[in-house]
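Q: I should like to learn how to read a protein structure step by step. Could we work through one together, beginning with a single residue?

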Amino acid sequence: MSAWNEHVTAALLGTERRDPPVLPEAPAEAGDRAGRLLDQAALLAVRRRAGLVPSGAAPEPVAPAPVEDRPVVPRAAAARLRRILAGEQTRVLPEWLGAAAERGYRVPAQALPDLLERGRGDRALRPPIARAAGRRGVWLALQNTDWAYLVGSGDDPGGGPEMWETGTRNRRVAYLTRLRSTEPERARELLRETWAKESAPDRAAFLAAFEHGLSPADEEFLEAALEDRGKDVRQLAADLLARLPGSAYGARMAARARGCLAAETRTVRGRRRTRIAVDPPHAHDEEMARDGIPFHPSGSFAPRGAGGPVGTRAAWLREILARTPLSTWTELFELPPMEIVCLPVGAAGEPSSRKGAVSESEGRDVHIGWARAALAQRDGAWARALLKGGVMVDEPEALADLLSVLPDGERDAAAADLIRWVEGRPDLLRLLERVPGPWAGPLAEAVVAALTASAARPGRRDEHLVTRLCRLADQRLEPAAAARLAPLAERGDAAPLGVAELIATLRFRDEMLKELTP
Amino acid sequence: MLGLAPDAASAKAAGGVAKPGKWGGTGCDDEAVWGECRGSGKSVYRTGVDLTEPAYRCTCPSRKFPCKHALGLLLMWADAVVEGGPRPGWVAEWVEERRERAGRAARRRAAAAGRGRDPKTAERREQRVDDGLAELDQWLRDQVAHGLAQAEKAPYRLWDDAARRLVDAQAGALAGQVRGLAAIPRRPGWPGRLLEEYALLRLLVRAHQRRDELPEGLRDTVRSRVGFTVPQEDVLSGGERVRDLWCVLGSRDTAQDLLTTRRVWLRGRRTGRPALVLSFAAPGASLDASLVTGTQVDAELAFYPGAQPLRALVAGRYGAAEPAVPGGTAVREFLDEHAAALAKDPWLDRWPAALENARPARAEGGGLYVIDGAGDALPLRTGDPWRLLALSGGGPVTLSGEWSPRGLRPLAAWHETEGTVVL
């Protein structure tokens with residue numbers, strides 16, 4: 001036993017019970033036993049502290065992080081990231097990360113702990129963090145279980161076939177989705193093996209992965225799923241089948257749809273005119289239910305113009321049209337989508353005395369049905385026709401959704417047209433909420449114009465609208481728009497609340513993006 | 001620059017103020033930066049920063065210090081947006097006034113030192129401390145005589161009572177130390193630690209009893225450890241003066257009984273001497289922020305007396321601070337230096353380290369260490385090693401820290417590409 005340990009033992013027991021150990025090097029002094037023990041211990045303690053040699057147990061250096069293949073962000077951008085992480089304009093963090101990753105940068109290593117801690121509390125941040133954290137980020141996350149989410153959550157999530165055998169539902173869905181994107185056939189066969197043993201919620205989650213790599217080869221599997229015990233599974237299967245071109249499901253639905261819509265041609269003042277005659281289904285049957293049209297489709301109790309609800313017949317019609325291949329109509333009317341959309345619509349068997357105008361309610365049912373179909377079937381021509389045709393004035397959400405179907409080049413201009421269309425109404429917010437950023441070009445101009453016009457109108461309602469619009473625009477509007485908004489904020493006390501903040505945020509984002517430009 | 005901010009909100013606000021559009025009449029020279037900031041409404045605030053300290057002045061009503069205007073001005077100055085020029089009247093006046101006031105304060109201190117203190121009061125205090133230490137000695141011997149084993153279950157009162165008696169005996173520095181001992185028996189390996197602390201206390205008591213036989217430096221060390229303070233003016237007038245390029249290794253704030261203490265560790269580039277600059281702040285007040293981690297400043301320090309002088313005051317600065325990487329040493333070199341310091345002051349419990357080529361390492365049990373190029377390791381004492389790990393990525397950095405018998409507390413690190421990082 002070392003001299004020090006002997007002293008500790010003696011002190012623990014107490015000098016009343018045991019004599020202190022002898023320490024020859026300690027100066028011999030008179031005094032009681034306790035004092036002697038303490039004096040000797042002091043000598044030993046200082047000796048131990050001064051004589052400390054580097055730890056003998058040889059700790060192993062931490063395995064070095066892999067070499068980064070991307071450069072760190074420029075100095076100014078790093079300083080701004082520190083400011084964002086310290087609480088300034090935190091909402092721009094996803095955009096900062098996205099922009100840095102897109103331009104081939106990674107975050108400075110010193111910011112990683114703060115950043116990974118953020119991602120721990122905010123799931124939405126995790127994908128952009130994974131893209132910008134670099135290899136050092138994964139290396140660090142491997143050493144802290146709190147940050148384990150980063151491992152395998154990037155663009156290349158880990159896990160091989162064993163993930164399908166043993167993973168949690170989310171990991172298995174991720175694996176299946178990945179496989180669907182590369183080898184849809186194998187994914188389907190893999191799922192078929194365990195299909196009967198999976199629980200209904202699992203079956204629904206797995207089936208949802210079929211939207212990736214959907215092809216006619218999936219038809220048989222999906223048809224079988226129409227008979228599934230799980231309600232969600234049946235609905236998903238029907239929705240997927242409706243998106244499959246040339247399927248038997250599509251043909252069944254088209255047959256139903258042709259029974260509801262018919263082209264009526266007559267001659268008015270010497271000109272041939274075509275009119276769409278609408279006859280909604282009279283009854284609901286088993287077959288319709290099997291193909292995913294419920295007895296009470298969602299929205300069937302919603303109010304409709306004349307005061308009453310939409311009603312089940314109209315709702316069935318909407319469902320059927322939404323699930324019918326749009327090619328059915330171009331074949332039936334022998335016209336391009338743009339002209340079909342503009343055709344007058346009326347209830348079947350109505351007297352012609354109604355001047356052939358579009359009957360409000362029937363027209364709406366038909367157009368909403370087509371809009372849903374265009375969205376599900378990703379049909380750009382039909383989306384364009386419905387947006388331009390000006391036939392759906394009361395459905396800003398449905399219209400905003402259609403924007404996503406348009407090709408990239410057209411989207412901004414179409415969105416700008418829509419904004420001008422609904423300008424000045426509360427619909428504007430409902431519409432803009434559904435238009436993802438970045439708002440650039442004509443769209444940005446339209447938003448600025450709408451903001452300026454609303455700010456010019458007095459009244460509490462417009463004030464509120466401006467505030468909410470600013471809040472919505474601050475992360476989506478292109479930063480260059482700040483210059484066009486500046487006159488609005490310089491009106492002194494009359495400057496609307498929120499505009500100054502919007503401009504500050506836009507300027508912040510502008511500087512931020514400039515710093516990240518190589 | 002933002003390290004000067006008293007809190008995060010000020011740092012954030014400063015970013016908003018640091019826009020050339022908001023300012024008029026800005027300018028700078030070697031010693032000062034100034035400008036007029038348009039605030040909200042019609043008011044215009046005149047802001048000036050004396051770069052030698054730094055010291056701040058602003059006409060705004062903010063209670064924060066330095067206020068966002070001063071910080072914003074400094075940010076712009078750091079970005080080289082502020083151009084040089086002659087001082088306007090109000091700036092020149094202010095700087096003059098500051099110099100004058102500093103001169104007056106120095107004269108006043110000199111006068112106070114000359115007057116001396118009442119010898120009777122001092123004598124009474126000496127007597128009280130002697131009695132208090134004798135009582136502490138008895139208490140320490142009682143603890144060891146009855147056995148330390150009882151300390152594991154002992155109530156907090158055991159140490160608190162002893163500390164109170166030391167407060168009554170006007171040995172305040174020891175009282176805090178004794179009260180702190182109460183936490184030791186809650187930690188693993190406590191018997192050894194407790195015996196160490198008791199033994200060193202006894203050593204101090206014995207040294208104080210024999211103070212007349214001690215050499216002068218050691219006597220000063222013992223007196224300051226017991227709680228006799230040396231007035232600042234005495235240090236400035238009589239303390240050892242060392243002028244050097246002082247590197248700021250790092251700083252650490254600790255709060256105790258509503259008082260925040262900031263410890264700033266320095267090391268001289270030419271002399272290699274370590275120094276400790278302490279500042280204190282009551283709640284709400286901001287601490288001295290004139291020494292910024294990762295910079296070096298040409299300054300003259302005045303050291304407090306002692307066998308191993310460490311604590312010091314900044315007596316004078318010669319020019320503004322500039323960014324600098326401290327010169328580091330190997331682990332073995334550092335330990336040698338620490339041992340030499342311990343030989344002069346056995347009660348030394350903190351010593352600044354600057355290690356070169358330091359890499360993080362892990363022992364089998366998971367404990368973290370730093371290891372140098374020669375493979376010598378020191379244990380790390382920190383709850384949040386992540387920034388150090390992230391920065392180093394397992395590779396070498398220059399690391400500064402505060403060494404105590406229980407391990408190295410990392411303060412700052414210097415990295416090739418990322419610069420100075422406060423840990």
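A: This is a predicted model. To judge whether a residue is buried or exposed, one counts the C-beta atoms around its own; with 12 or fewer within 10 Å, it is exposed. Gly272(B) has 11 C-beta neighbours inside 10 Å, and therefore counts as exposed.

Q: Where along chain B is Gly272(B) found?

A: Gly272(B) belongs to the loop that links strand S6 (259–268) with strand S7 (274–281) of chain B. One may also relate this residue to another part of the chain: Ser224(B) is 48 residues away in sequence, and the two C-alpha atoms are 24 Å apart.

Q: How does one describe chain B as a whole?

A: One begins with its elements and its dimensions. Chain B contains eleven helices and 16 strands. Its C-alpha trace spans about 75 × 60 × 40 Å along the principal axes. For 423 residues, a compact globule would have a radius of gyration near 22 Å, and the 24 Å of chain B agrees with this.

Q: What share of the residues of chain B counts as buried?

A: Of its 423 residues, 38% are buried. Contacts add to this picture: among those in chain B between residues at least 6 apart in sequence, 60% join residues at least 24 apart.

Q: How should I read a sheet?

A: Strands of a sheet pair through backbone hydrogen bonds, either parallel or antiparallel. Chain A offers a case: an open sheet of three strands, in the order S2-S3-S4, with mixed pairing. Strand S2 (261–268) and strand S4 (345–347) of chain A are the edge strands, each pairing on one side only. From one strand to the next, the twist averages 40 degrees.

Q: How many bridges join S2(A) to strand S3 of chain A?

A: Eight bridges join S2(A) to S3(A) (residues 271–278), and these strands run antiparallel. In one of the pairs, Thr267(A) has Arg272(A) in S3(A) as its bridge partner.

Q: How does one read the meeting of two chains?

A: One identifies the residues in contact, then the elements that supply them. Here 51 residues of chain B are in contact with 48 residues of chain A. H7(B) gives the most to the side of chain B that touches chain A, with nine residues. By class, that side has 33 nonpolar, eight polar and ten charged residues.

Q: Which strand of chain A is joined by bridges to S11(B)?

A: Strand S1 (residues 60–61) of chain A is joined to S11(B) by two bridges, and the two strands run antiparallel. Glu60(A) has Arg362(B) as its bridge partner in S11(B).

Terms used: Residues numbered from 1 in each chain as written. Chains lettered and ligands numbered in written order. Predicted model: local features only at pLDDT ≥ 70, side-chain atom pairs only at ≥ 80, totals over all residues. Helix = DSSP H or I, 4+ residues; strand = E, 2+ residues; numbered from the N terminus. Buried ≥ 20, exposed ≤ 12 C-beta atoms within 10 Å, placed from the backbone. Pairing = 2+ DSSP bridges. Axes fitted to C-alpha atoms, helices over the stretch in contact; angles between N-to-C directions. Rg over C-alpha atoms; globule rule 2.2 N^0.38 Å. Contact = placed C-beta atoms within 7 Å. Nonpolar A, V, L, I, M, F, W, Y, C, P; charged D, E, K, R; others polar.
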